[in-house]
Amino acid sequence: MGDFKLCPDNILSTEMIAQGSKRPSVIGLYGLPGSGKSFLLSELKKHLSHSQFDFYEGSDMISTIVPGGLSAFQRLEKEQKQHWREQAIDRIAETCRQSKKSAVVTGHFMFWSHEEQIRVYTPNDMSTYTHILYLDTSVARIVEQRQKDGQRRRPDLSAARLETWQQTEISELRSLCQKHGILFSRLPEPPTNHLLAAMNYIRFSCRAATIPNASRVDAKISGFLTKKDLRTAVVVDADKTLSTDDTSVTFWEAIGTSCPLNGLFGSPLRYSETALLQATLLYEEVANEKDFERICTIAASKTKMHPEFVSLFRFIQAHEHLSALVVTCGIRRVWEKILETEGFSQKIQVIGGARISDDIVVTPDVKARIVTKLRQEGQLHIVAIGDSPLDLPMLEAADQANRGHRPRTKSQSHSYPRIWQATDKSAAKLLMSPMRDAANAGPTLRKAHGNVGLYLAWEFLPEIVGVEEYPTQHVQGHQVSGYRLQHKTQTTIVALMRGGEPMALGLSEALPLAMFIHASCPDDIKREHVDNQRTVILVDSVISSGKTLIPFINQVRSMDKDICIVVTAGVVQDDALSEGRELSKVAEQHRVSIGALRLSKNKFVGTKGTDTGHRLFNTTHMA
């Protein structure tokens, strides 16, 4: 390690760090006692500029501020120890703010005392750390280093106990970091690479914190703007647009593990820049550059582009005034390999991330920025193609968009939940009357619910799933264009049993080729009902608080991070959609569109003879 040389350009200046972020960068070094945290900290001291970084042993800071030092601290009660731990991290944060430096701090997450796990992190840690590096040193090496360390007295723990301890720390820290917006990275073996991995991580993290991601993206597309004779560009999303596949899932399958990104993007971070930076670090954890390239080759070989896009790109390739740009929130290298296989690598550029060396992350806002920059600075006519709610900002920014429909106005909001309701429309008043008529039950009431389902399909779904054009024969003998709801074979209609079934059947008349399933509980929605689908429509007759509906939404989103989720109902309680209510929060988090015949302020909940399900199926006598 002594021969390791650090290029001065790898570390940004203190001035840039101060200008780029009001919150100082505080990088925690975590790992089991004996994993090598102190050794790594001492090596970082040798290679990082002391004018830009401060270095702290967490225990040394506690010893400095506690009267009587570390020995006095050890004799304190649990609550008093927690107080001084909070004071120590607060002191480090304040020093960073004043000095305009970043800090690297060794810390402890938990201790194992006899049979008890004692967690020693504090809320102040979670509000101070901006990054955490975890030294995932092998348990065998930790055992060896603990035995050799004559300066510290440590409990004699078995390798199995240490393994459990280590995995618990990694799991809980990763979850806490996602919750608090802290970037987390696990540094695996071999330990001789810990320093190099840590330096790459720190360089990436500091650059991300100081130079706006948008500026780094601008640099990536500068070459695109210099192309001669270019007048029109197609900007297209990759995963689930160019192909039915999600190459991120394929990547993780190729290394024999489940994809962790659904959990990440389903966390409070959602698809933020922080979440995508975290995704980059996940890829760094599992593969070095050589292995990453190999796995990308495997993922690319298993991904097939839609024939229509192959034809489109061939047409673009044959015309100098046309070009295309693939913009993905996913793995750049996989899509470059796919395009290379199809013979498009010379003409079609890919902007994406997934590695530190990519130096960018692609968020929904970045997609829109790329389109805007090409239109305004390049004076190009932009056609944008995407098939996810994440693509909406990009579609709105384009001159021409293809997602089945173009968002109606550039000022129209696409925040979630997107709510459509027809409460005051004359058609809705006519349709709701037989539903509310106590004289109607059984077949008559089921027919009324079916009519509402069909109405919602015509009035609401075109705004969400879009419409597509298809050729049809006119009665006078010539061919004309017809229109239908898009993705007719890639839509799943879920009837929430039992009250949602009649309305779902009516809705299915507008999508006769859609998959139709009955769901009494969330587990009734299986992976085969979601895989390769574009839209899932959850149908219920009445939604009160949303408590019953929420688990179904969570089930669908857990299987697919991008699929369009739509909820339709005859009646939705207005209060359930109020800001701060659980249904509203879940619908916002999972990007759910909600369509209702009417919103009701009446909080009456049907029971016995007034329950909608019993009225629909003539079982009121059983209530």
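**Sheet and nonpolar cores of the predicted model**

Helix 17 (residues 364–376) lies across strand 8, strand 9, strand 10 and strand 11 (381–385), and runs at about 160 degrees to strand 9. The description given here refers to a predicted model.

The strands crossed by helix 17 belong to an open sheet of five strands, in which the order is 10-9-8-11-12 and the pairing is parallel. Strand 10 (348–353) and strand 12 (400–402) occupy the edges; each has a single partner strand, so one side of each is left without a neighbour in the sheet. On average, and with direction ignored, neighbouring strands of this sheet are turned by 20 degrees against each other. Within the sheet, strand 8 (residues 232–236) and strand 9 (residues 322–331) run parallel and are joined by five bridges. Opposite V234 stands A324 in strand 9. In general, the strands of a sheet pair through backbone hydrogen bonds, in either a parallel or an antiparallel manner.

Nonpolar side chains in soluble globular proteins tend to be buried together. In the present model, the largest nonpolar core comprises 66 residues, of which L44, L242, L261, M305, F313 and V326 touch the most other members. Helix 13 (residues 273–286) supplies the largest share of this core, with seven residues. When residues up to four places away in sequence are not counted, L44 touches L29, F55, V104, L195, A198, M199 and I202. Another core, of 33 residues, lies apart from the largest one and includes V26, I92, V105 and W112.

Conventions. Residues numbered from 1 in each chain as written. Predicted model: local features only at pLDDT ≥ 70, side-chain atom pairs only at ≥ 80, totals over all residues. Heavy atoms only, no water. Pairing = 2+ DSSP bridges. Helix = DSSP H or I, 4+ residues; strand = E, 2+ residues; numbered from the N terminus. Axes fitted to C-alpha atoms, helices over the stretch in contact; angles between N-to-C directions. Contact = heavy atoms within 4.5 Å. Core = buried A, V, L, I, M, F, W, Y, C linked by side-chain atoms within 4.5 Å. Buried < 20%, exposed > 50% of the residue type's maximum accessible area, 1.4 Å probe, protein only.
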